[in-house]
Each structure stands twice: as C-alpha cells, then as structure tokens.
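Here's a quick briefing to read with the model open in your viewer. Which way do the side chains point, which strands pair with which, and where do the charges meet?

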Amino acid sequence: MKIFVSNTLNVDEKEQLISIGVNDEFFIHGEFCENAPPHPDFLNSKICFGNVPVHWISSHPSLEWIQLMSVGFGEYLEIERSMMPPDFRMTNLAGFFAEPVAESMLAGLLALLRGINIMALLKEESSWEGDSLRGQLRTLEKSCVVLYGYGSINRRFAEILEPFHCKLEIINRSSSLDELDQVLPTADVVASTVPDTPQTRKVFDSRRLEFLKCNTIFLNFGRGSVLDENALGTKLIQRKLGGAVIDVTIDEPLPPDHVFWKCPQTIITQHSAGGTSDEIPAKISWFANNLKRFCKGEKMISEVNFEKGY
C-alpha cells in the first residue's frame, strides 16, 4: 500500500516509520504551504500521514484515510463530503497531548499565582525585591476552576488539580452558554480547551469576559478562535484580570504588534504546551497502531466525526 507522509523527520524517525509497514511504500516529504498544488505522490497514495493542505483532500477522490499530526482539524471541516468516497476516514490525535498540555497549564497557572514569572524577570535585571513581593502572591488551594470543555486535556487537568482541593465547574458539550454565564462570576481560574467549531468561536467575547472577577486567571489551551483576543488584552492591560496563560492564538506565529506581547501577568507558551522530547516517535507509534487497525478493518483511535465536528 502506498502511504504519503507530510512531516519533517530525522533519519531515526524515518527508519522507525518505514519499519512499521514492511509491505508498504512510503513517500516521505516535509510540510507544504496551504496554496501548494497536490503532490503527485499524494495523488498516487491511498493513505496520508500528516496535515496536508485542505484542497488536496477534495482533489483526491480515492483517498481512503488520513492520519493527522494534530488534534485540531477545523480547517478540514470545509471539505465537501460529497467529493469524497463514502468510506473515507480521518483520524486525529485526540488524547495524545493530554498529559503534557495539562502539566503546562498547571505550570503556567502556578507561575502566575506564585509570582515566578515576575521573579524570573527580576533575575534578568539583577533586581532584589524580596518582602515587597510577598503580598502579591496567591495560592491555588480551594480555588474555583471553570473547565470549559471536558475532553482528554481538561479531564487530565482536573486530575492534576485534585491535591489542591479546587472546586470544579465543568462546562461540556451538553452544557448551555447560560450555564457557563452562571459560573463565570465565581471563577478564580477559567481553563478553555475546546476545539475550533462554529459553536465555540468567540464564546469568550467582550461581554462574557466582563463576567470575570478582577483576579481571575484565564487559560487558553484549545484554539484561539474561542476568544476575542483584543477584549482579553484590554482587560489585562487595564489590570481587570489576574492574568492569562495563552498557548493558542488566532494567528500563529503571533504577530509582533499583537496586544498579548504587551499584556502584564501574561505567559505565552507559543503552541508548544503539548511538546515532549519523544513527540515525533510517539506520533509514529500512534500511526502504526491505527495502521494495523485500518488494515484489519477495525475501529481506529480518535476517528473524526464530520457531522458532529469532533
């Protein structure tokens, strides 16, 4: 079987990939820009491993399966399903990043609460503040944490929070926005991990952000589209929020003139929260597992439901 791969791999990673499909032929390429024409190797393959430009998919009516290298797949929702074979399947990495992202969320949150971000800057300036910092510091113990989205990341985050005896308010797919509005005024922390869907876009607009207390910390580790970034930036600059930890933004890389760069008490983790030293080998192992399931006609891990949008 011919398999098209769109990801930059080193020698060891290429050997690992090729070893999983003894009878398969791999076409290994790097990443492609969104307006690139479909590569001939892609059009000659039945399987794709990697995030290729959206228009490639509808240009290949005999593609059987694509394994994305990401959790997010919002850009692929625009594919016209009638252009694809009825048995076309797409899988993403839902659940793959839960542990590192949840740990990054906790790290950023504790850094803000305990002033680690400030102290790191003071070190660069060789400036000793000492006792004057103490009154600014807070603890996470018994905080009210609103979890917007309850997929694998926020579920793991909830587990990590257990020793801190936090009160958790869970807003999931079955919850209404009215329910979200009711709990936001009580939140010490808001953690958003939802995907990009029509239902989640701009949920945290300027009106809803006004529900938050002046010491609330906002965490965004799902998709940038959930948030009115300018409205959040304004509140942070005006010191009307306790801080923010931002991993994902609407435009990436974040433009040099973006408001977030100027915001106090803001940590930008640059969409790296899911990173680990063994990330690529682990993704290849994930693909290998799904490839076995695909060849056997079995249910694959994290198959995308286009009708539901997740």
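Strand 8 (residues 189-192) sends its side chains two ways: Val189 and Ala191 point to one side, Val190 and Ser192 to the other, and all of them are buried. Keep in mind that this is a predicted model. Strand 8 pairs in the parallel sense with strand 6 (residues 144-148) over four bridges, and it pairs with strand 9, again parallel and over four bridges.

**The six-strand sheet**

- Strand 8 belongs to an open sheet of six strands, ordered 7-6-8-9-10-11, with parallel pairing.
- The edges are strand 7 and strand 11 (266-268), each of which pairs on one side only.
- From one strand to the next, the twist averages 10 degrees.
- You can follow one row of partners across the middle: leucine 147 has alanine 191 in strand 8 as its bridge partner, alanine 191 has leucine 219 in strand 9, and leucine 219 has valine 245 in strand 10.
- Strand 9 (residues 217-220) and strand 10 run parallel and are joined by four bridges.
- Strand 10 (residues 243-246) also splits its side chains, with Gly243 and Val245 pointing one way and Ala244 and Ile246 the other; all are buried.
- Over on that strand, isoleucine 246 stands opposite asparagine 220.
- Helix 10 (residues 229-237) packs on this sheet and touches strand 9, strand 10 and strand 11, its direction making about 140 degrees with that of strand 10.

**The five-strand sheet**

- There's another open sheet, built from five strands in the order 2-1-3-4-5, and its pairing is parallel.
- Strand 2 (25-29) and strand 5 (89-91) are its edge strands, each pairing on one side only.
- Neighbouring strands here are turned by 15 degrees against each other on average, ignoring direction.
- Helix 1 (residues 11-19) packs on the sheet, where it touches strand 1 (2-6), strand 2 and strand 3; its direction makes about 155 degrees with that of strand 2.
- Helix 11 (residues 279-296) lies across strand 1, strand 2, strand 3, strand 4 and strand 5, and runs at about 160 degrees to strand 4.
- Strand 3 (residues 47-50) and strand 4 (residues 65-67) run parallel, joined by three bridges.
- One pair to look up there is isoleucine 47 with its bridge partner in strand 4, tryptophan 65.

**Salt bridges**

- As general background, side chains of opposite charge can pair when their charged atoms come close.
- How many salt bridges does a search of the whole structure find? The search turns up 10.
- Aspartate 181 and arginine 208 make one through their side chains, at 2.5 Å from N to O.
- Aspartate 181 sits in helix 8 (residues 177-183) and arginine 208 in helix 9 (residues 206-209), so this pair ties together parts that are 27 residues apart in sequence.
- Is aspartate 181 buried or exposed? Its relative accessible area is 15%, so aspartate 181 is buried.
- Arginine 208 counts as buried too, because its relative accessibility is 5%.
- Glutamate 279 forms a salt bridge with lysine 283, with the closest N and O atoms 3.0 Å apart.
- Both glutamate 279 and lysine 283 lie in helix 11, four residues apart, which is about one turn of the helix.
- Glutamate 279 and lysine 283 are both buried.
- Glu99, Arg156 and Glu159 are joined into one network by salt bridges that share partners.
- Lysine 167 and glutamate 169 also meet through their side chains in a salt bridge, at 3.4 Å from N to O.

**A nonpolar surface patch**

- Which residues form a nonpolar patch on the surface? They are Tyr150, Leu168 and Ile170, with about 210 Å² of accessible area together.
- Isoleucine 170 is found in strand 7 (residues 167-171), one of the edge strands of the six-strand sheet.
- Isoleucine 170 counts as partly exposed because its relative accessibility is 36%.

Definitions and conventions:
Residues are numbered from 1 along each chain as its sequence is written. This is a predicted model: local features need pLDDT of at least 70, side-chain atom pairs count only at pLDDT 80 or more; totals for chains, interfaces and linings use all residues. Side-chain values use heavy atoms; hydrogens and water are left out. Two strands pair if DSSP finds at least two bridges between them. Axes are lines fitted to C-alpha atoms, for helices over the stretch in contact, and angles run from 0 to 180 degrees between N-to-C directions. Contact means heavy atoms within 4.5 Å. Patches are made of residues with over 30% relative accessible area and no salt bridge: like charges are joined within 9 Å, nonpolar side chains (Val, Leu, Ile, Met, Phe, Trp, Tyr) within 5 Å. Accessible areas come from the Shrake-Rupley method with a 1.4 Å probe; for residues, only the protein chains shown count as cover. A salt bridge is a side-chain nitrogen of Lys or Arg within 4 Å of a carboxyl oxygen of Asp or Glu. Buried means under 20% relative accessible area, exposed over 50%, partly exposed in between (1.4 Å probe, protein chains only).
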